[in-house]
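Open the model in your viewer and keep the selection tool at hand. The tour goes from single residues out to the whole chain.

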Amino acid sequence: MNQKTILSFGEVLWDLLPGGAVIGGAPCNFAFRMHNGGHRSIMVSSLGSDTNGTKAQKELIRLGLPLEGLQFVSKFPTGTVEVSLDADRNPNYYIVPGVAYDQIELIPYLEKIISEVDVIYFGTLAQRSTRSRDTLHWLLNHSPTCAVKVYDVNLRKNCYNKQTIQESLLQADILKLSDEETDEIANFFGLDNKDLIKMGRHLVNQWNLKCCLITLGSKGALAFDEDGETIYQPGFKVELKEPVGAGDACTAGFIDHYLKKDLLKKCCQVGCGLGALVATQSGATELVSMETLERFLNTCSEFQIDARFKHLIPS
């Protein structure tokens, strides 16, 4: 196994789900999945010096993630998100403002480790504050030129603006966004998302990306690369329990196999498979073993197909 050093930057928080509180945050979920895939996965975030912060630290230890990239602040609480599910069990989020992950600083450990990083994963939410955003951009600008920068858009209401997204796209090598998020990206940059294939190719070309991954919920994902290849992976049909964290798992599965230099089709298949399995669980950080994932990919024969992209499925 060719282990890589993954730096995952941003929010560690508690998802306050209908069934109880679960550790989460897209960067945390991604870091855990990459650790589960055998990589050296470092979470960079800030927690409050409170009960939730202590509990979060214990959870990260349980998940096997190192703590060197974590910081603690006394004046801000550990992040929380109120999550509700609609009739179709799609999540809605209320992001609590003014929390610890808005205060991520450049600590000596980060200055030391940045030269060893193979991948930097980051999103939009933690960039709503100047302090965390400045720290992120220092890390991006001082990482090795060969490091892969993964921008997972993850737009949350009242937590982003066009400038933040534009600066992030300029830094990114790989872009991941959901079908729903293409509306806002299209509005900001004058694009037409009625044709997602055209938009995906345009994003790769306009922002000089290596790849772009557009997730389609239960109906799979589209992937585009710098060589002009376009892949559609139908969704694996599963019994949905809770989709929180499924998109983050999809990103992790995709990136894991991208780092292995697998074909774009394989990256997309593994990403969608891992995302589907996570959607059958409660919470974003329940373990999915590599053996379980491989068995699922080899045996699952029912799919949910987006009719818009049926022509991309090999006959």
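**Stop one: lysine 176**

Leaving out residues up to four places away in sequence, lysine 176 touches Tyr151, Asp152, Val153, Leu213, Thr215, Gly247 and Thr251. This is a predicted model. Select residues 174–178 to see strand E10, where lysine 176 lies. Is lysine 176 buried or exposed? Its relative accessible area is 6%, and because buried means under 20%, lysine 176 counts as buried. Now show the side chains of lysine 176 and aspartate 152: a polar contact of 3.4 Å joins them.

**Stop two: leucine 293**

Next, select residues 290–299, which form helix H10, and pick out leucine 293 within it. Leucine 293 is buried too, with a relative accessible area of 5%. Which residues is leucine 293 in contact with, its neighbours within four places in sequence aside? They are Val270, Gly273, Leu274, Leu277 and Val288. Then add serine 41 and draw a distance between the two C-alpha atoms: leucine 293 and serine 41 are 252 residues apart along the chain, and the separation is 20 Å.

**Stop three: the whole protein**

Clear the selection and colour by secondary structure; the protein has ten helices and 15 strands. Its C-alpha atoms fill a box of roughly 60 × 40 × 40 Å along the principal axes. The radius of gyration is 18 Å, which agrees with the value near 20 Å for a compact globule of 315 residues. Of these residues, 56% count as buried.

Switch on the surface: the accessible area comes to about 13900 Å², and 47% of it belongs to carbon and sulfur atoms. Last, colour by charge: the mean positions of the 31 positive and 38 negative charges are 1 Å apart.

Definitions and conventions
Residues are numbered from 1 along each chain as its sequence is written. This is a predicted model: local features need pLDDT of at least 70, side-chain atom pairs count only at pLDDT 80 or more; totals for chains, interfaces and linings use all residues. Side-chain values use heavy atoms; hydrogens and water are left out. Helices (H or I, at least four residues) and strands (E, at least two) are DSSP runs, numbered from the N terminus. Buried means under 20% relative accessible area, exposed over 50%, partly exposed in between (1.4 Å probe, protein chains only). Contact means heavy atoms within 4.5 Å. A polar contact is a pair of N or O atoms within 3.5 Å; within protein, one must be able to donate a hydrogen and the other to accept it, and residues adjacent in sequence count only if both atoms are side-chain atoms. The radius of gyration is taken over C-alpha atoms; the globule rule is 2.2 Å times the number of residues to the power 0.38. Accessible areas come from the Shrake-Rupley method with a 1.4 Å probe; for residues, only the protein chains shown count as cover. Lys and Arg count as positive and Asp and Glu as negative; His and the chain ends are not counted. The place of a charge is taken as NZ of Lys, CZ of Arg, CG of Asp or CD of Glu.
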